[in-house]
Amino acid sequence: MIWTQGCSLHCPGCFNPATHDPTGGRPVRVAALLRRIRRLGHTIEGVTLSGGEPLEQAEAVLALLEGLHRTTSLSALLFTGYTWDELLARPDAGRWLACVDVVIAGRYAARQRLARGLRGSANQTVHLLTDRYLLSDLEAVPEAEVVLAPDGNLVASGIAPVRL
Ligand code: SF4
């Protein structure tokens, strides 16, 4: 999972407000990130981009996704707060669609909270761009995950992450 820093959409009730400030986070070069992901080899199935808002760092995120698409067999899943129509209206839409397997699109709407099938709220839409995953695969993903890292740190993630 890669969390990009910076989101101007400010959905009320956003689960990850710490990612809104575009000056926060930790800078990382795309080439270094690519190397790091490739070193993981077959220990991972794919890469998930979330945020923050990946589309607000489009050139860097596209360079990463295109590099992975060109040089690995990893899958790519993109969470964006922009709607599907907003994504399609972008001049770089074709590039996103060419290197991503699944897009979950749309603002988080707290009054339509769902936290299932990788959707935070019911207004969000799921787009399977390849035949790599089925909707049932997404439905099978637990709503939250807690990982105990080798250094003893606990990391919580998921569509409805628990607070540690
Ligand atoms: S688009 Fe995502 S990160 Fe941005 S405010 Fe909405 S829920 Fe939060």
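By class, how many nonpolar, polar and charged residues does the shell around the ligand have? The legends below address this question and then turn to other parts of the chain, all in a predicted model.

**Figure 1. Surroundings of the ligand in the predicted model.** The shell around the ligand has five nonpolar residues, four polar residues and no charged residues. The residues around the ligand are Cys7, Leu9, His10, Cys11, Cys14, His20, Gly52, Gly81 and Tyr108. One of these residues, His10, belongs to the loop between E1 and H1. The phi angle of His10 is near 50°, a positive value in a residue other than glycine. Gly52, which is also among the residues around the ligand, is placed in the loop between strand E2 (46-50) and H2. The peptide bond that leads from Gly51 to Gly52 is cis, and its omega is near 5°.

**Figure 2. Overall fold of the chain.** Five helices and nine strands make up the secondary structure of the chain. Followed along the sequence, these elements give the pattern β-α-β-α-β-α-α-β-β-β-β-α-β-β. The chain has a radius of gyration of 15 Å, close to the 15 Å that the globule rule gives for 164 residues, so the chain is as compact as a globular protein of that length. Along the principal axes, the C-alpha atoms fill a box of roughly 45 × 40 × 35 Å. Of the 164 residues, 40% count as buried.

**Figure 3. Salt bridges between helices H2 and H4.** Side chains of opposite charge can pair when their charged atoms come close. Four salt bridges are found in a search of the whole structure. In one of them, the side chain of Glu59 meets that of Arg95, with an N to O distance of 3.1 Å. Glu59 lies in helix H2 (residues 58-71) and Arg95 in helix H4 (residues 93-99), so this pair ties together parts that are 36 residues apart in sequence. Arg95 also forms a salt bridge with Glu66, at 2.8 Å from N to O. Because Arg95 lies in helix H4 and Glu66 in helix H2, the second pair ties together parts that are 29 residues apart in sequence. The partners vary in their accessibility: Glu59 is exposed, with a relative accessible area of 52%, whereas Arg95 is partly exposed at 32%. Glu66 also counts as partly exposed, at 23% relative accessibility.

**Figure 4. The salt bridge of Arg90 and Asp92.** The side chains of Arg90 and Asp92 meet in a salt bridge with an N to O distance of 2.8 Å. Arg90 is partly exposed, with a relative accessible area of 22%. Asp92 has 13% relative accessibility and therefore counts as buried, a class that is kept for values under 20%. Elsewhere, salt bridges that share partners join Glu59, Glu66 and Arg95 into one network.

**Figure 5. A nonpolar patch on the surface.** Met1, Trp3 and Phe15 make a nonpolar surface patch of about 300 Å². Phe15 is located in the loop between strand E1 (2-3) and helix H1 (30-39). With 36% relative accessibility, Phe15 counts as partly exposed.

**Figure 6. Loop positions at Val100, Leu118 and Pro142.** Val100 is placed in the loop between H4 and strand E4 (102-105). The relative accessible area of Val100 is 3%, and the residue is therefore buried. Val100 and Val47 are 53 residues apart along the chain, and their C-alpha atoms are separated by 9.6 Å. Leu118 is found in the loop between strand E5 (113-116) and strand E6 (119-121). Although Leu118 is not a glycine, it has a positive phi of about 70°. At 12% relative accessibility, Leu118 counts as buried. Pro142 occupies the loop between helix H5 (135-139) and strand E8 (145-148). This proline, Pro142, is exposed, with a relative accessible area of 55%. Pro142 and Cys14 are 128 residues apart along the chain, and a distance of 19 Å separates their C-alpha atoms.

How values were computed:
Residues numbered from 1 in each chain as written. Predicted model: local features only at pLDDT ≥ 70, side-chain atom pairs only at ≥ 80, totals over all residues. Heavy atoms only, no water. Patch = residues over 30% accessible without salt bridge, like charges linked within 9 Å, V, L, I, M, F, W, Y side chains within 5 Å. Areas by Shrake-Rupley, 256 points an atom, 1.4 Å probe, with all protein chains shown as cover. Helix = DSSP H or I, 4+ residues; strand = E, 2+ residues; numbered from the N terminus. Buried < 20%, exposed > 50% of the residue type's maximum accessible area, 1.4 Å probe, protein only. Near = heavy atom within 4 Å. Nonpolar A, V, L, I, M, F, W, Y, C, P; charged D, E, K, R; others polar. Rg over C-alpha atoms; globule rule 2.2 N^0.38 Å.
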